[in-house]
Amino acid sequence: MIRQELRNWFEERYNVEDFRRFARSKRVPSHSYEIWYFTGGATLFLFIIQFITGAVLALYYIPHAEFAHKSIIEIVTKLHMGWFFRSLHHWGAQFAIALVLVHMFGTLMLKSYRKPRELLWLSGCILLGISIFFGLSGYFLLWDERAFAAVRVATGGAGNFPIVGGFIRNFLRGGIDVTGETLTRFYAFHVSILPLAVILVVVAHLFLVQYHGMSVPMSQESKRGQDTFFFPNILYKDLIIWLVLLGLVVTCAALAPPEIGRQADPLAPAPENIKPEWYFLSLFQTLKLFPGVILGLNGETIAIIIVTVAVLFLFLFPFFDRKSLRQERSPVFTWIGFIYIIYFIVMTVIGYFS
Amino acid sequence: MKIPYSLVTRRTFLNTLFGGWLLAFSAGSIYPLLKFAFPTLSKEPDFVVLAARDFLSIPPNSIRPFAWGGKVGLFLKKTDGEVSALKGVCTHMECNITYRAEEKKFYCACHKGWFDDNGKNIQGPPPRPLEFFDVTVSGEKMIIARKGVKVDTARA
Amino acid sequence: MIAKLILGCFGMVSGIASDIAGGQALEVFPSSPYDRYIVYETLVLFWIGIIGLIAIIRMKLKEIERGQNMGLSSNGWDRGIKVGMPKPYDIGKRDMTSFIEEGLSPVKKQR
């Protein structure tokens with residue numbers, strides 16, 4: 001009864017019928033690869049978890065070099081279930097970045113980037129970059145030995161870019177070296193600048209998905225079943241997948257909470273066997289492959305240039321893959337994409353075990 | 001007695017089940033989050049342990065403050081050597097009070113309230129006397145406890 | 001496959017976390033058995049909640065798909081289908097489904 005009255009109240013003031021008609025019209029194609037459609041929504045869900053847990057943690061974290069480490073220990077030991085929410089934020093980040101990579105893998109292999117969806121691929125790559133920066137800045141806020149060394153290496157690496165390297169490094173560090181100012185800067189990135197950026201780009205990304213509809217892989221065009229409704233069929237399936245993901249993240253968070261090392265000391269030497277977070281391992285390992293000096297030029301710079309070219313190639317993939325632009329089968333580029341993925345996985349595994 | 005028709009439609013049954021379960025699940029998940037976000041602020045302890053030497057050695061007719069949770073506690077040594085401890089917070093609007101040694105009274109500057117050295121409110125808006133604590137000295141330690149709280153001196 | 005991947009990631013990260021902490025690891029997981037059992041118990045209850053929710057959502061999905069396959073819209077089909085009256089010249093028609101109209105709102109809309 002009340003529901004009906006509420007409905008009438010709205011219908012008397014707003015044109016609900018149009019909304020309903022639009023909602024009814026949203027369809028999702030059905031074919032053998034339809035499960036990949038769920039990866040995007042799952043990634044969004046993980047980011048929502050990160051926003052919520054991050055907001056709550058930010059109520060207690062102190063972003064000052066002297067108090068940062070202590071505030072985290074306070075959160076983890078003194079507050080009710082503080083250890084759990086920090087753990088949830090940590091594991092949520094791992095899952096979120098993993099899902100971004102899975103989503104990217106799916107769209108790369110299924111060639112969802114082909115015309116007319118090139119902008120979706122570009123905005124997606126930007127989102128990957130933002131997510132990784134989220135991971136790096138968030139990790140630094142621990143202000144423990146490992147995080148400190150990791151950021152020193154990461155920002156130092158950025159400094160090896162030709163011409164603009166020094167400028168980028170000093171901007172990120174807030175100075176020449178990694179100091180308390182870097183902490184303040186990274187906190188600003190992690191809590192304000194990056195969330196703003198990610199919201200804007202995600203909204204654009206989602207709008208483009210609505211505009212173009214879901215891409216159907218070229219091989220499946222003829223094998224399509226009947227389209228399914230988004231409301232409520234696909235929405236319920238989305239919900240099921242999100243619930244399973246929530247269960248997994250919560251289980252990991254409850255059973256394997258992350259530890260926190262000793263407080264960082266800018267004057268102390270770097271600890272033994274320092275390794276970055278897993279999503280940086282492949283890059284780290286690749287850089288290790290290059291010798292110090294190549295043909296008289298700085299090895300690091302050459303390495304960075306090669307890696308940048310490889311990343312740029314991936315970024316501009318839709319424009320290089322001419323065949324898929326014309327909606328033709330393009331096995332060469334499928335293989336190139338596959339090689340990128342295998343390289344990433346292999347280098348990550350090597351990096352972990354070395 | 002079996003009725004030949006269903007009292008609710010299948011749809012209503014499913015929707016109620018879904019809504020109810022979703023509500024319970026969400027409430028159960030949000031509750032710890034809220035508890036984490038809204039901790040019990042300014043929780044006062046049942047007792048505090050201080051170094052006896054620092055407090056017993058103060059000159060007569062003077063006070064020494066100590067931490068009582070998030071608030072200030074005052075250790076008072078009267079002219080005759082009698083010691084006591086009280087919460088240094090005015091009973092009117094919870095401003096911090098100060099001790100006027102010349103007049104042997106506690107004074108609250110917010111609304112010009114006065115208490116005598118036993119805590120009784122003698123002048124101004126404060127409605128109640130100050131809260132006093134029990135003082136126990138055990139060796140090197142001095143234990144200041146809320147009235148009525150039993151403290152196991154061995155464990156403290 | 002996905003489960004293995006996830007277990008693998010979980011192992012990887014906990015491995016990294018314990019190596020690198022360098023001996024001064026902070027006791028984060030509640031240490032006393034009493035607290036530990038509360039965590040496990042809560043986890044079990046949580047999963048029961050999730051699996052129950054998934055079961056109910058599946059039931060709802062099946063029901064909606066059943067209705068959709070019959071041709072009913074998922075909007076207002078609870079209110080029944082209205083059958084239009086056949087005209088005199090419709091008598092003798094074989095296919096009577098053209099008389100079925102979707103459930104109409106019992107409350108008049110005011111514009």
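Which residues touch the most other members of the largest nonpolar core? Of the 56 residues in that core, Phe140(A), Ala147(A) and Val249(A) do. A nonpolar core here is a set of buried Ala, Val, Leu, Ile, Met, Phe, Trp, Tyr and Cys residues joined through C-beta atoms within 7 Å. A residue is buried if 20 or more other C-beta atoms lie within 10 Å of its own, exposed if 12 or fewer, and partly exposed in between, with C-beta atoms placed from the backbone.

This is a predicted model, in which local features need pLDDT of at least 70 and side-chain atom pairs count only at pLDDT 80 or more, while totals for chains, interfaces and linings use all residues. Residues are numbered from 1 along each chain as its sequence is written, and chains are lettered from A and ligands numbered from 1 in the order in which they are written. The model scores ipTM 0.83 and pTM 0.73.

## The cores

The elements of chain A that give two or more residues to the largest core are helix 3 (38-58), helix 4 (68-77), helix 5 (82-109), helix 6 (118-140), helix 7 (145-158), helix 9 (180-212), helix 10 (230-255) and helix 11 (278-289). Helix 5 of chain A gives the most, with 13 residues. Helices (H or I, at least four residues) and strands (E, at least two) are DSSP runs, numbered from the N terminus.

Leaving aside neighbours within four places in sequence, Val249(A) is in contact with Ile49(A), Leu88(A), Trp91(A), Gly92(A) and Phe95(A). Contact means that the C-beta atoms of two residues, placed from the backbone, lie within 7 Å. A second, separate core has 19 residues, including Cys90(B), Ile97(B), Phe106(B) and Phe115(B). In soluble globular proteins, nonpolar side chains tend to be buried together.

## The chains compared

| Chain | Helices and strands | Buried share |
|---|---|---|
| Chain A | 15 helices, 4 strands | 32% of 354 residues |
| Chain B | 2 helices, 10 strands | 17% of 156 residues |
| Chain C | 2 helices, 2 strands | 4% of 111 residues |

In chain A, residues 24 or more positions apart account for 77% of the contacts with a separation of 6 or more. The corresponding share in chain B is 34%. The C-alpha atoms of chain A fill a box of roughly 65 × 55 × 35 Å along the principal axes, and those of chain B a box of roughly 90 × 40 × 30 Å.

## Chain B

Along the sequence, chain B reads α-β-α-β-β-β-β-β-β-β-β-β. Its radius of gyration is 27 Å, well over the 15 Å that the globule rule gives for 156 residues, so chain B is more spread out than a compact globule. That radius is taken over C-alpha atoms, and the globule rule is 2.2 Å times the number of residues to the power 0.38.

Leu34(B) lies in helix 1 (residues 10-37) of chain B. Leu34(B) is exposed, with 10 other C-beta atoms within 10 Å. From Leu34(B) to Gly19(B) the C-alpha distance is 21 Å, over 15 residues in sequence.

Strand 10 (residues 141-146) of chain B runs antiparallel to strand 1 (residues 47-51) of chain B, and 5 bridges join them. Val49(B) has Ile143(B) as its bridge partner in strand 10. Strand 10 of chain B is also antiparallel to strand 9 (residues 132-138) of chain B, through 6 bridges. Here the partner of Phe133(B) is Arg146(B). Two strands pair if DSSP finds at least two bridges between them. Strands 9 and 10 of chain B form a hairpin with 2 residues between them, and Gly139(B) in the turn has a positive phi of about 70 degrees.

The contact between chains A and B takes 7 residues from chain A and 6 residues from chain B. On the chain B side, 5 are nonpolar, none polar and 1 charged. Ala, Val, Leu, Ile, Met, Phe, Trp, Tyr, Cys and Pro count as nonpolar, Asp, Glu, Lys and Arg as charged, and the others, Gly among them, as polar.

## Confidence

The predictor's confidence in each residue is its pLDDT, from 0 to 100. Chain A averages 88, and 99% of the residues score at least 70. Chain C averages 64, with 42% of the residues at 70 or above. Within chain C, helix 1 (residues 2-20) has the lowest mean, 37, and helix 2 (residues 33-69) the highest, 89. Over residues 1-26 of chain C, pLDDT stays under 50. Residues 105-111 of chain C also stay under 50. Where pLDDT is low, the predicted coordinates should not be read in detail.
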